[in-house]
Amino acid sequence: MGKVVMYSSVSVDGFIADENDQPGPLFDWLSSGDVPLDESGVLKVSQVSYDYTRPYWDQIGVTIAGRHVFDMTDGWDGTPPSGIDHVVVVTHRGRPEGWHPEAPFHFVDGVEAAVAKAQELAGDRTVEVAAGDVGGQALAAGLIDEVRMDVVPVVFGSGKRYFGSVHAQHLLADPEVVIQGNRVLHLRYRVRRSLNASLPSELIQAEV
């Protein structure tokens, strides 16, 4: 079974969108280089960002997103983004009536059921969970193996948080990857789930 990875581009102060749900400059690094990231020719990054991002994209079998993102993008017109095979949408409302019935989109009620469905579909490939409320719920439920963030040098001050409404403490391992690209810092952390569950609170406080 593949890893479950929480991911997004993020501001230095921890936001994935501003108060108007706009990403602002968070995706500028995807057009700041001269190496095509996909066949569209629209996304061009630095060589170092390509070497980090392209292999990761190739590992992803399923993306999990919330209904809000699905509605904002109109479900990517029924075509999963970045060549991904399936999208699992966490929603209480189900598939929109008449919306692309043959599209590889799966509408699931609850984050635990969504992760289970995504792992079933992905097999040994990676399940990516969009950061924000859905990603935060998956982290709080102990379902995330790895946190990836592409940190962009901008401060939003307020907006949509990377970890959603999570307020409890969650330990991450030291970053396994720290890569400087053009206008972006790529970071990757493992989630220390067993320690979060077993350490006394005073030791967790001391370690942080």
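**Figure 1. Valine 12, an exposed residue in a loop.** In this predicted model, valine 12 counts as exposed because its relative accessibility comes to 55%, and the cut-off for that label is over 50%. You'll find valine 12 in the loop between β1 and β2, the latter being residues 15–17. Exposed doesn't mean without company: if we set aside neighbours within four places in sequence, valine 12 is in contact with Val151, Val152, Pro153 and Val154. Alanine 114 is another matter: it sits 102 residues away along the chain, and its C-alpha atom is 29 Å from that of valine 12.

**Figure 2. Serine 46, a buried residue in a loop.** Here's a loop residue that is tucked away: serine 46 has a relative accessible area of 9%, so it counts as buried, the limit being under 20%. Its loop runs between β4 (44–45) and helix α1 (47–59). Which residues does serine 46 touch, once those up to four places away in sequence are left out? They are Gly33, Val35, Gly181 and Asn182.

**Figure 3. The open sheet, strand by strand.** Eight strands line up here in the order β7-β6-β5-β8-β1-β9-β12-β11, and their pairing is mixed. Why do β7 and β11 each have one side without a neighbour in the sheet? Both stand at the edges, β7 as residues 105–108 and β11 as residues 177–181, and each has a single partner strand, so nothing in the sheet flanks the other side. Ignoring direction, neighbouring strands of this sheet are turned against each other by 20° on average.

**Figure 4. Strand β8 and its two partners.** Now zoom in on β8, residues 126–130. Four of its five residues are buried, so β8 is largely enclosed by the rest of the structure. On one flank, β1 pairs with β8 in the parallel sense over four bridges, and tyrosine 7 has alanine 130 of β8 as its bridge partner. Strand β5 also runs parallel to β8, and four bridges join the two. In that pairing, isoleucine 64 stands opposite valine 129 of β8.

**Figure 5. Strands β5 and β6 side by side.** How many bridges join β5 to β6? There are five, between residues 60–66 and residues 86–90, and these two strands run parallel. For a landmark, look for threonine 63, which stands opposite valine 87 in β6. A handy thing to keep in mind while tracing strands is that side chains in a regular strand alternate between the two faces of the sheet.

**Figure 6. Two helices lying across the sheet.** Helix α3, residues 111–122, lies across β1, β5, β6, β7 and β8, and runs at about 170° to β6. Helix α4, residues 133–140, lies across β1, β5, β6 and β8, and makes an angle of about 120° with β8.

**Figure 7. The C-terminal stretch and the chain around it.** On average the pLDDT of the chain is 91, with 92% of the residues scoring at least 70. Over residues 195–208, though, it is below 50, and this stretch has 16 contacts in the model beyond near neighbours in sequence. Stepping back, the protein chain has six helices and twelve strands, and 42% of its 208 residues count as buried. Its radius of gyration is 17 Å, which agrees with the value near 17 Å for a compact globule of 208 residues. Along the principal axes, the C-alpha trace spans about 55 × 40 × 35 Å.

How values were computed
Residues are numbered from 1 along each chain as its sequence is written. This is a predicted model: local features need pLDDT of at least 70, side-chain atom pairs count only at pLDDT 80 or more; totals for chains, interfaces and linings use all residues. Side-chain values use heavy atoms; hydrogens and water are left out. Two strands pair if DSSP finds at least two bridges between them. Axes are lines fitted to C-alpha atoms, for helices over the stretch in contact, and angles run from 0 to 180 degrees between N-to-C directions. Contact means heavy atoms within 4.5 Å. Buried means under 20% relative accessible area, exposed over 50%, partly exposed in between (1.4 Å probe, protein chains only). The radius of gyration is taken over C-alpha atoms; the globule rule is 2.2 Å times the number of residues to the power 0.38. pLDDT is the predictor's confidence in each residue, from 0 to 100.
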